[in-house]
Amino acid sequence: SEYKIDATYLSPHVNMASRMMSACKHYGVTLLLSESVQELMSETAKTQLRNVDRVTVKGSVRVQKIFTFDARHKGADFFLFSRSDDLADIDAEQYVPSIWTTDQDLQAMRHHVTDDFESEFNAGMKAYYAGDWPAAIRKLESANEIMVEAAMEEGYLHDEMDNTPDRKELYRAETADGPCSYLVNFMKSKGGVAPDGWAGWHPLLSK
């Protein structure tokens, strides 16, 4: 029947979406996209996504890259807070791909992502995929430090945590990069050395 055809088609996509949602907690992000979704986005939007791993999900043999969009609402000075709902709706209706690089609020939410961070993270991912895990661990730990330092320099969470005990450690935990931490912990859990036959991917952890 037509219903069965549609269900058969949608099932793997719904399954992947569910896995992405549950995997967010592992990678310490609020958003994860599969490669299938990334391929549907505009070229400008694709440049704003960060590849954080390559995995398979339960029930599928397809190896896919997974992506996140780096954005933090805490510490951002939102432009839209001064806009009425009607004006905000008009902005949404007039969407163009360039919004990813020009919108004030999107830029404010990405203040913790620096060029130095992206360079170090990308180098770490290249080593991770290639199986040079000692180098990958060094690069990703370095990238994480860059993100934490950038947040500290910009006063990220300063007002919220100013009088908090053990402020420095809490600050570090709040501003650290989730994907860096996840990948470093994953590699260290395997002894810090890529296993024999490493092909640059692994099964995605279950819920």
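This passage walks through the nonpolar core, the salt bridges and two surface features of a predicted model.

The interior is a good place to start. The largest nonpolar core comprises 33 residues, and the most contacts inside it are made by Tyr27, Leu32, Phe121, Tyr128 and Met187. Two or more residues apiece come from α1 (2–27), β2 (49–56), α7 (115–130), α8 (133–153) and α11 (178–189). Of these, α8 makes the greatest contribution, supplying seven residues.

Turning to charged side chains, six salt bridges are counted in the model. One of them joins Asp177 to Arg50, with an N to O distance of 2.6 Å. This pair connects distant parts of the chain, since Asp177 sits in the loop between α10 (167–175) and α11, while Arg50 belongs to strand β2, 127 residues away. Both partners are shielded by the protein: Asp177 counts as buried because its relative accessible area is 3%, under the 20% limit, and Arg50 is likewise buried, at 8%. The pair does not stand alone, as Asp70 joins Arg50 and Asp177 in a network of salt bridges. Strand β2 thus appears twice in this account, giving residues to the core and holding Arg50 of the salt-bridge pair.

A second bridge runs between Glu120 and Lys139, at 3.6 Å from N to O. Glu120 is part of helix α7 and Lys139 part of helix α8, so this contact ties together parts of the chain 19 residues apart in sequence. Here the two partners differ in their surroundings: Glu120 is buried, with 17% relative accessibility, whereas Lys139 is partly exposed, at 32%. The helices α7 and α8 that carry this pair are also among the elements that contribute to the nonpolar core.

A more local example is found in helix α3 (residues 43–46), where Glu43 and Lys46 are three residues apart and therefore separated by about one helical turn. Their side chains form a salt bridge of 3.2 Å, N to O. Glu43 is exposed, with a relative accessibility of 57%, while Lys46 is partly exposed, at 22%.

On the surface, Asp85, Asp86, Asp89 and Glu93 make up a negative patch. Asp85 lies in helix α4 (residues 85–93) and is exposed, with 64% relative accessibility. Another exposed position is Gly191, whose relative accessible area is 60%. Gly191 is located in the loop between α11 and β4 (202–203). Although 57 residues separate Gly191 from Pro134 in sequence, their C-alpha atoms are 9.9 Å apart in space.

Conventions
Residues are numbered from 1 along each chain as its sequence is written. This is a predicted model: local features need pLDDT of at least 70, side-chain atom pairs count only at pLDDT 80 or more; totals for chains, interfaces and linings use all residues. Side-chain values use heavy atoms; hydrogens and water are left out. Patches are made of residues with over 30% relative accessible area and no salt bridge: like charges are joined within 9 Å, nonpolar side chains (Val, Leu, Ile, Met, Phe, Trp, Tyr) within 5 Å. Accessible areas come from the Shrake-Rupley method with a 1.4 Å probe; for residues, only the protein chains shown count as cover. A salt bridge is a side-chain nitrogen of Lys or Arg within 4 Å of a carboxyl oxygen of Asp or Glu. Lys and Arg count as positive and Asp and Glu as negative; His and the chain ends are not counted. The place of a charge is taken as NZ of Lys, CZ of Arg, CG of Asp or CD of Glu. Helices (H or I, at least four residues) and strands (E, at least two) are DSSP runs, numbered from the N terminus. Buried means under 20% relative accessible area, exposed over 50%, partly exposed in between (1.4 Å probe, protein chains only). A nonpolar core is a set of buried Ala, Val, Leu, Ile, Met, Phe, Trp, Tyr and Cys residues joined through side-chain atoms within 4.5 Å.
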